[in-house]
Amino acid sequence: QNRLEMLRNVAKDYRGKMMFVSVTTDESDHQRVLDFFGIWETPTYRIANIADENGKYKPASNDFTEAGVRQFVEAYHNGELTPDLKTQEVPEDWDALPVKVLVGKNFEEVALDENK
């Protein structure tokens, strides 16, 4: 309950800019929501921009304090966050062979670069 009150305090300052939603994680009907956001451990929080298919953002740490949440929300509004993509890490030897290994994190950089 204390976290919910804390989030309500933060939400008041962003009224009209973003919506804050709380999900009860111990109900089986809500599992699809957790899967959608890639949430495996709770408690935690995410930002989702539903207008952007890659617009899911995950905090770098699980600092579930008012200051931590505010810092995360401000970083989002300032364009300082990188979307949290469901992707593997780029293998160290991804370009060692003639056939390159592309994952979500290096796909645009390699596949869409006309100079490569």
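Ala-67 and Gln-71 are the exposed residues (over 50% relative accessible area, 1.4 Å probe, protein chains only) carried by the face of H3 turned away from its buried side. The model is predicted, so local features need pLDDT of at least 70 and side-chain atom pairs pLDDT 80 or more, while totals for chains, interfaces and linings use all residues. Numbering runs from 1 along each chain as its sequence is written, and side-chain values use heavy atoms, with hydrogens and water left out.

On the other side, Gly-68, Val-69, Phe-72, Val-73 and Ala-75 are the buried residues of H3 (buried: under 20% relative accessible area). Looking down the axis of H3, these fall within an arc of 160° (taken from the directions from the helix axis to the C-beta atoms), so they line one face of the helix. Their cover includes helix H1 (2-13), strand S1 (47-48) and strand S2 (56-57); helices here are DSSP runs of H or I with at least four residues, and strands are runs of E with at least two.

As for salt bridges (a side-chain nitrogen of Lys or Arg within 4 Å of a carboxyl oxygen of Asp or Glu), the count comes to three. Arg-70 pairs with Asp-13, with the closest N and O atoms 2.6 Å apart. Arg-70 sits in helix H3 and Asp-13 in helix H1, so the pair ties together parts 57 residues apart in sequence. Glu-66 also bridges to Arg-70, at 3.0 Å between the closest N and O atoms. Through shared partners, Asp-13, Glu-66 and Arg-70 join into one network. Within helix H1, Arg-8 forms a salt bridge with Glu-5, three residues away, or about one turn of the helix.

How values were computed. Contact means heavy atoms within 4.5 Å.
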